[in-house]
Amino acid sequence: MLRLIRFTALLLMVPFVLLWAVAWFGRQPGEPVIEALMRHAGTLTGAAPAPPSAGVLALPEGVSLGGPFRLTDHTGRAVTEADFAGGFSLVYFGFTYCPDVCPTELGTMAAALDLLGEAASRITPILVTIDPARDTPAQLADYVSRFHPRLVGLTGSESEVAEIARRFRVFYARVHPPDSTEYLMDHSSFIYLVGPDFRARAIFRPNTDPEAMAAAIRARLPRG
Ligand code: NI
């Protein structure tokens, strides 16, 4: 009986191991295996390969990130996805007490928008806090103005923030450094280009060049 279970388990692992092997040998120089895996998984399910672009992750076919939400903006106004249905948005999840990663990524977003020139007016940059306990609308208002004049800060209750994070598969957790009384947030750090339906059209990995980001955004904006 035990032998049968072992054999079945082994058999079930075969497709996964094969896919992993294909990803391992087929990955591009410097490409993490997990990204090659996603790319190949997308190919196997018949998804059209996305145009290759540095820093841009392809969304595998059938994977939808984003959608409806209820939050409060940095002016204290209640907002939903409908408030951003007039164009595209560039969305980042972070927190204002972040010592390094968040400021870098928000700076990249602002630089990419500058590079887009006139087309940038059709894109709303958004910071969604994953630390609503400290990031009140007033705290966000002070912070967003440092990065871009149109950057919108969004906060909410713990459950409202958890809901939008879940929709974008954003990971976050409190961490308590031993030498500090203040906590930090560990969080995933991707920038999402979302359409008028507030669903992701492209995902940018951390440290994407503003030039690559601007080019990928331009390629995905509808003409007009
Ligand atoms: Ni951060």
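Here are a few friendly notes on the sheet, the helices packed on it, the nickel site and the cavity in this predicted model.

1. Let's start with the sheet. Eight strands form an open sheet with mixed pairing, and their order is E1-E10-E9-E4-E5-E6-E2-E3. The edges belong to strand E1 (56-57) and strand E3 (78-80); each has a single partner strand, so one side of each is left without a neighbour in the sheet.

2. Within that order, it is worth looking at E4 and E5. Strand E4 (residues 88-94) and strand E5 (residues 123-129) run parallel and are joined by 7 bridges. If you want one pair to find on screen, take tyrosine 92, whose bridge partner in E5 is leucine 127.

3. Two helices deserve a look alongside the sheet. Helix H5 (residues 158-167) lies across strand E2 (70-73), E4, E5 and strand E6 (152-155), and runs at about 110 degrees to E2. Helix H6 (residues 210-220) also packs on the sheet, where it touches E1, E4, E5, strand E9 (191-194) and strand E10 (200-204). The direction of H6 makes about 170 degrees with that of E10.

4. Now for the metal. Which protein atoms are the donors of the nickel ion? They are SG of Cys98, SG of Cys102 and NE2 of His187, lying 2.1 to 2.2 Å from the nickel ion. Along the sequence, the donor residues follow the spacing C-x3-C-x84-H. Cysteine 102 sits in helix H3 and histidine 187 in strand E8 (residues 184-187), so this pair ties together parts that are 85 residues apart in sequence.

5. Last, the empty space. The count is 1 cavity of 30 Å³ or more, and the largest cavity has a volume of about 40 Å³. Its lining consists of Leu106, Met109, Ala110, Pro125, Phe147, His148 and Leu151. Helix H3 (residues 101-116) gives the largest share of that lining, 3 residues. By character, the lining residues are 6 nonpolar and 1 polar, with no charged ones.

Definitions and conventions: Residues are numbered from 1 along each chain as its sequence is written. This is a predicted model: local features need pLDDT of at least 70, side-chain atom pairs count only at pLDDT 80 or more; totals for chains, interfaces and linings use all residues. Side-chain values use heavy atoms; hydrogens and water are left out. Two strands pair if DSSP finds at least two bridges between them. Helices (H or I, at least four residues) and strands (E, at least two) are DSSP runs, numbered from the N terminus. Contact means heavy atoms within 4.5 Å. Axes are lines fitted to C-alpha atoms, for helices over the stretch in contact, and angles run from 0 to 180 degrees between N-to-C directions. On a 1 Å grid over the protein atoms alone, a cavity is a set of points where a 1.4 Å probe fits but cannot get out, and a pocket is an open set with protein on both sides within 12 Å along at least five of seven lines; lining residues have an atom within 4 Å of a point. Grid points are joined across faces, edges and corners, and a volume is the space filled by probe spheres set on the points. Ala, Val, Leu, Ile, Met, Phe, Trp, Tyr, Cys and Pro count as nonpolar, Asp, Glu, Lys and Arg as charged, and the others, Gly among them, as polar. Donors are N, O and S atoms within 2.8 Å of the metal (3.2 Å for Na, K and Ca); water is not among the atoms, so sites may look incomplete.
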